[in-house]
Structure formats: C-alpha cells, structure tokens
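Visitor: I would like to learn how to read the packing and the empty space in a model. Where do we start?

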Amino acid sequence: MNNETDSVIRSRCGLDCTACEYRAPCSCGGCIETSGHPFHGECPVAVCCQEKGYLHCGQCPDIPCAQLKSYSCDDEEHGDNPPGARIAQCRRWCHAAYADTLHDKILALRMERQYLTRRCTKEDYDALYRDLQPGQNYYWHGFGYPPELTHRVDFDDREYNKSRQESRTLIKLRLDHGGLGWVLSDDLPLFYALYRKPLTNPNRMQVELLDLITREGPMTIQQIKEETGYLVKQITPALHRLQEAFAVYEDQYDGAWDRGWYAFEEMFPGIADHPMSRHDALKVMLPRFARRLGAFTCAMARSYYALPEKEIRAAMAALTADGIFCEVGEDGVMLSEDYTYILTHDLPAVHTVYALHRSDFLVKTFANELKVHFGPQLDALPYDHDPLQYILIDGEFAAVSVGHYRYGPYEIHDIVCDDPARARKNDVITAVTKENGAKPMRFDGQFVNP
C-alpha cells in the first residue's frame, strides 16, 4: 500500500474511521479493504470512487459531488462535525500528493487570469477590471489620470476608462485607510459596506461643510473657501473625512484640480438605506480576488484590501464552509472549481519578465511581503533612492528597480536582485528599460554598458 493510501486510512470519502465503534466488533477493514462494502453494506460513494479508478474522492474532478456533499454536510445524524470535514480531508490528501507541481500550476493559472500570458480584449476587460477593484492609475501619475491595467490589455484602456470616468461609470472613492481608488458605480454598495468609516461625532466644520454642499452643491473647494472664509488647508482634510464616511462625493473625471463636491446621497440615492454587512461584501469580493490569483492567503488579502485580518479570515472560513473555497497549504485558499481544474489540466510553464509599478494589483497584493523581503537590501544601499518598480519573473517577484521619480524617464540607479533575476539579466534590463524609457545605471550593483 502506498503512502497516500496509508494517509487515507482505508477511506475513499475522507472519513476518519479509526475511531468507529463498529470497526473492531464487526471486523470491518474500511471501504478500501472491503471494496466498498464496509460493515453496514455497500457504500455508494466508495463504489463510485472505485468504478472511476480513483483512490479517494479528492482525485475526482467533480468533488464535491451531490452524493458526497449529502453524506458530508446534509446528514444530521451521520454527517461530519464540522460539516464538510471529509471533503476538506480529501483535498488535503490531494494537495499532499500533488505538492511538487501545485505551486507551478497556481502560478501558471495566476498569470493566465491576470492576462500576463496573453492580452485581454475589450470583451473580457470589464470582468477583469471588476475583479481587480479598486482600480488604480499608474504610480506617480496624477490621480486625475484614468486607471489602467498595465501590460494586460491589447487596446488603450486609459482612453476607455477616461470615457467611463466621464459617464460616471467609474467613481472615485477615498477609502478609510487613506487610499484612493476607482470603482464601478454598480459595485458602490459593496465598497460602501467594505470601507465606509462612519462619522459618529463630526466637528463643527464637517457639519457646516456637509450642510453647505447638501444645500448648494456641487461646489468646488474654491467656492467653499469664498462662501465660508476657511482656508484650503482647513477645508481639504474636512472633505476627505466626509468622503471616507461616504457623506460627500468628489466628482473627478479628468485632471482638473478644482472639481465639484456633491452630497453622496444626492448622487447615489438609496445605497445607505439597505446596507450589506462587511462580512457579506467580503464574501462577494474574495471569490473575485481568488479568481485572479489562483490561490491566496489572508496576508495577501489584507495587503491588498487593507481590511481587518479577523474579518477577512471569517469570510474565508465561511466561503470554505460553503464549498466555494477549498484549503491549499497551511493558510491558503482557492476556488474549489479552480482546484479541480488545475489537478485535471496541464498548464503551460510561465516564461515572462515584467516591471510592475507600485500601484499594480500584484504589487499591492504582495506589498507587505516585498517590503520585508527587499527591505534589508534597499536599506543597505549607499545612496538615496525610492523603489520604482518590482520585477516579476515567471510569475514571482525577484528584483526591484531603485532610483528617483521624475516627470519623464525615471532615474534608475540600480536593479536589486535575487538569484532568478541574476540568471535573467538581459531580460530584466530589457523589461525595465522598456517600462521607463531609459536604461538602468547598474544591475546588481555593477554598472551597465550604456
């Protein structure tokens, strides 16, 4: 009997039968030893598994089928505690058996779903943008610029998103961690639930400005200054706090600095009347997140969404209990349908190099990890610098370009590398040069020929 059979403990469905009270008295060897006929008679789950030629149900692309789910989740008397335990066990066995290839397959799926192995067309773009929300514009560009999904499209998505800004299909939000993002107007209820920071004890200026905008809006900051006598440096933080509370809306659809401010309820009536909970909103957002990453951990979701870890974990656990997610590794999850897909399909190896700006979806998803990983190397550099772009090699970050931001080509002082980047020196220099319009001065501390 091989190692995987030993770990299954004579069970096709994932049930741990070692503590069964009938095992010894009935001389029951379990469903594998008895060819699907344990002490109580024929087990349809075991027979089905055997007839398909599988060692256990985790190898079946249909997991969890209706029959297994019924045994595991719906049988109040004989079902699992917690429900779905044997399904999760089957997946753990399968994960252990395919551990050597699973990592590469997840990377291949991630790159495919990110459209970094092929370019996204206009027909597929809306779904991609929806899943990667809140959208960001290119790092260091003014926020009036349209958001873009760099390297992923075969058309000018900046122009496309500019038109969506102008039609108010894309809405600018200030999130409660201080970040900005462009979201689809249809998804405003989700982001209202995720990021609204209630203003429970507004100060006098906040009350005054909200009342003024509600009565007279839209108003620009200059108009508010003329009406109230407040200074711009007083008005701006008050508006930003009202913006975090979803009490006002900043109507920015181009690069103009003095744009109109509206009462949020006037622009988007009814959203506050029947708000969903943050938990329910996360149960919508996290499957989208998983779809574009293949698999993710709580730390990755926390890095991207900047929401409380406890609430992210609770939503991940609920989605796992519902069978939408399955566990991968110690802290990871992925869509159950995707897990089955990568086990039953061959995915092409990834061979690409990209220089990704700091607002890119993948960079923000791994931002905390990148800071820890490259921080000591960057701190040791003998000159002043900023991290400019992170270098994605075959689906994993392995280098960072450093220098200074400029309006025009950036000053690229060096490319700080891990071993995979050193082995792809020419590809990395080409990617960085293409992204910046200028060649780096150094690579891994060594000067580069101009």
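Guide: Start with helix 21 (residues 425–436), which lies across strand 8, strand 9, strand 10 and strand 11 and runs at about 40 degrees to strand 8. This is a predicted model, in which local features need pLDDT of at least 70 and side-chain atom pairs count only at pLDDT 80 or more, while totals for chains, interfaces and linings use all residues. Residues are numbered from 1 along each chain as its sequence is written, and side-chain values use heavy atoms, with hydrogens and water left out.

Visitor: What do the helix and strand numbers and the angles refer to?

Guide: Helices (H or I, at least four residues) and strands (E, at least two) are DSSP runs numbered from the N terminus. Axes are lines fitted to C-alpha atoms, for helices over the stretch in contact, and angles run from 0 to 180 degrees between N-to-C directions.

Visitor: In what order do the four strands form the open sheet?

Guide: Two strands pair if DSSP finds at least two bridges between them. Here the order is 8-9-10-11, with antiparallel pairing. Strand 8 (353–357) and strand 11 (411–417) are the edge strands, each pairing on one side only. On average, neighbouring strands of this sheet are turned by 30 degrees against each other, direction ignored.

Visitor: How many bridges join strand 9 and strand 10?

Guide: Seven bridges link strand 9 (residues 386–393) to strand 10 (residues 396–404) in the antiparallel sense. D386 stands opposite G403 in strand 10. Helix 19 (residues 367–379) also packs on the sheet, where it touches (heavy atoms within 4.5 Å) strand 9, strand 10 and strand 11, and its direction makes about 50 degrees with that of strand 10.

Visitor: How is empty space found, and how many cavities of 30 Å³ or more are there?

Guide: Rolling a probe the size of a water molecule over the atoms shows where empty space is left. On a 1 Å grid over the protein atoms alone, a cavity is a set of points where a 1.4 Å probe fits but cannot get out; lining residues have an atom within 4 Å of a point. Grid points are joined across faces, edges and corners, and a volume is the space filled by probe spheres set on the points. The structure holds three such cavities. The largest has about 120 Å³ of space. Its lining has 13 residues, with C48, K52, C57, C60 and C65 closest to the centre.

Visitor: Which helix gives the largest share of that lining?

Guide: Helix 3, with three residues.

Notes. On a 1 Å grid over the protein atoms alone, a cavity is a set of points where a 1.4 Å probe fits but cannot get out, and a pocket is an open set with protein on both sides within 12 Å along at least five of seven lines; lining residues have an atom within 4 Å of a point.
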